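Please walk through the fold of this protein from its overall make-up down to individual helix contacts. The account begins with the term on which the packing descriptions rest.

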Amino acid sequence: MTIASGSKPAASVTARSAARLAKRVAEGEPALGRSRRVGRMLRTLAATHPDAHCELDFTTPLELAVATILSAQSTDKMVNSVTPALFRRYPTALDYAQADRAELEEMIHSTGFFRNKANSLIGMGQAVVEKHDGVLPHTLEELVALPGIGRKTANVILGNAFGIPGITVDTHFGRLVRRWGWTQEEDPVKVEHAIGALVPKRDWTMVSHYVIFHGRRVCHARKPACGACTLAADCPTYGAGPTDPVQAAALVKGPSRTHLLAMVGIPDDEAPPAAGGEDADAP
Ligand code: SF4
């Protein structure tokens with residue numbers, strides 16, 4: 001994807017143009033207009049986050065299933081710090097099925113909710129051995145039937161380990177697509193279906209990464225960096241955070257901060273350092 005020719009830097013968005021868009025979306029944006037706006041935002045997101053990817057480390061579908069189970073109420077960084085030793089100790093589903101509970105709990109303790117997660121890992125290992133000959137299945141129906149794997153986890157596995165398009169509706173995703181007026185649905189399954197109807201199926205996995213990356217780096221829950229946001233011209237919530245470029249630049253986070261600021265015409269050496277406070281991983 002390439003950046004939309006019609007996209008404009010945040011600096012060119014006026015309070016009046018933002019209010020007009022917000023009013024149009026609130027009054028019920030025509031389907032064609034919304035579809036075109038979503039298409040522009042997708043192209044802009046692709047240019048803004050060319051590094052978007054699954055931030056959990058894994059080499060096999062089973063490893064991704066384990067990492068995704070551990071990521072509940074934790075950060076990807078925390079999960080990535082425990083999985084190398086875990087994957088060495090438990091390379092197969094049978095190893096989880098036969099795991100010593102106390103040892104497993106100790107290894108995953110730092111990710112939180114370790115007793116529930118150990119139950120899920122052991123139960124998942126047993127079910128994969130008993131029902132699937134030790135091989136993780138690759139359909140949504142079979143994955144969600146495994147202990148510890150819900151629809152969100154199943155879509156992460158399908159999209160990133162099996163190359164089967166899936167939309168991952170986590171807290172970032174639901175918050176952002178409602179903020180952008182892509183849907184007003186609150187229920188994650190309804191959000192998944194609504195976005196699935198707006199976005200070509202081949203893009204389902206990547207749109208999940210783009211949206212989640214934007215939520216972690218720019219469009220934070222409490223203080224979005226509106227004045228330094230590439231989506232400003234198409235966002236009905238522009239102005240929810242600081243629109244002053246210098247103040248907004250201080251809110252932009254992550255390893256690609258220099259690129260993100262350059263996209264909106266703010267040289268990194270002129271930008272204030274990233275502000276503390278809101279965790280980049282917070283929903
Ligand atoms: S940072 Fe502001 S302008 Fe950008 S997507 Fe979020 S609410 Fe919209």
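Two residues are taken to be in contact if their C-beta atoms, placed from the backbone, lie within 7 Å. With that criterion in hand, and bearing in mind that this is a predicted model, one may start with helix α9, whose buried residues pack against α3 (61–70), α8 (140–144), α11 (188–198) and α12 (204–217). Helix α9 itself covers residues 151–161, and because 10 of its 11 residues are buried, it is largely enclosed by the rest of the structure. Burial here requires 20 or more other C-beta atoms within 10 Å of a residue's own, and the residues of α9 that meet this condition are Lys-152, Thr-153, Ala-154, Asn-155, Val-156, Ile-157, Leu-158, Gly-159, Asn-160 and Ala-161. Just beyond the end of α9, Gly-163 adopts a positive phi of about 70 degrees.

The setting for this helix is a protein whose secondary structure comes to 14 helices and zero strands. The C-alpha trace spans about 60 × 40 × 30 Å along its principal axes, and the radius of gyration of 20 Å agrees with the value near 19 Å that a compact globule of 283 residues would have. Of those 283 residues, 41% count as buried. Among contacts with a separation of 6 or more, 63% are made by residues 24 or more positions apart.

One of the partners of α9, helix α12, also packs against helix α2 (residues 31–48), with the two axes 10 Å apart and at an angle of about 70 degrees. Since angles of 65 to 115 degrees count as roughly perpendicular, α2 and α12 are therefore roughly perpendicular to each other, and their crossing is left-handed. On the side of α2 the contact is made by Leu-42, Leu-45, Ala-46 and Thr-48, which meet Val-207, Tyr-210 and His-214 in α12. By class, this contact has five nonpolar and two polar residues, and no charged ones.

A second helix pair offers another arrangement to examine. The axes of helix α6 (residues 101–108) and helix α7 (residues 114–132) come within 9 Å and cross at roughly 120 degrees, an angle by which α6 and α7 are therefore oblique to each other. The crossing of α6 and α7 is right-handed. From α6, the residues Arg-101, Leu-104, Glu-105 and Ile-108 take part, and they meet Phe-114, Arg-115, Lys-117, Ala-118, Leu-121 and Ile-122 in α7. The residues of this contact divide into six nonpolar and four charged, with no polar ones.

Within that contact, Ile-122 of helix α7 deserves a separate look. Is Ile-122 buried or partly exposed? Because 19 other C-beta atoms lie within 10 Å, Ile-122 is partly exposed, the threshold for burial being 20 or more. Apart from neighbours within four places in sequence, Ile-122 is in contact with Tyr-96, Ala-97, Ala-99 and Arg-101. Of these partners, Arg-101 belongs to the α6 side of the contact between α6 and α7. Tyr-96, for its part, is 26 residues apart from Ile-122 in sequence, while their C-alpha atoms are 5.0 Å apart in space.

Definitions and conventions
Residues numbered from 1 in each chain as written. Predicted model: local features only at pLDDT ≥ 70, side-chain atom pairs only at ≥ 80, totals over all residues. Axes fitted to C-alpha atoms, helices over the stretch in contact; angles between N-to-C directions. Helix = DSSP H or I, 4+ residues; strand = E, 2+ residues; numbered from the N terminus. Parallel < 35°, antiparallel > 145°, perpendicular 65-115°, else oblique. Left-handed = near helix turned anticlockwise from the far one by under 90°. Nonpolar A, V, L, I, M, F, W, Y, C, P; charged D, E, K, R; others polar. Rg over C-alpha atoms; globule rule 2.2 N^0.38 Å. Buried ≥ 20, exposed ≤ 12 C-beta atoms within 10 Å, placed from the backbone.
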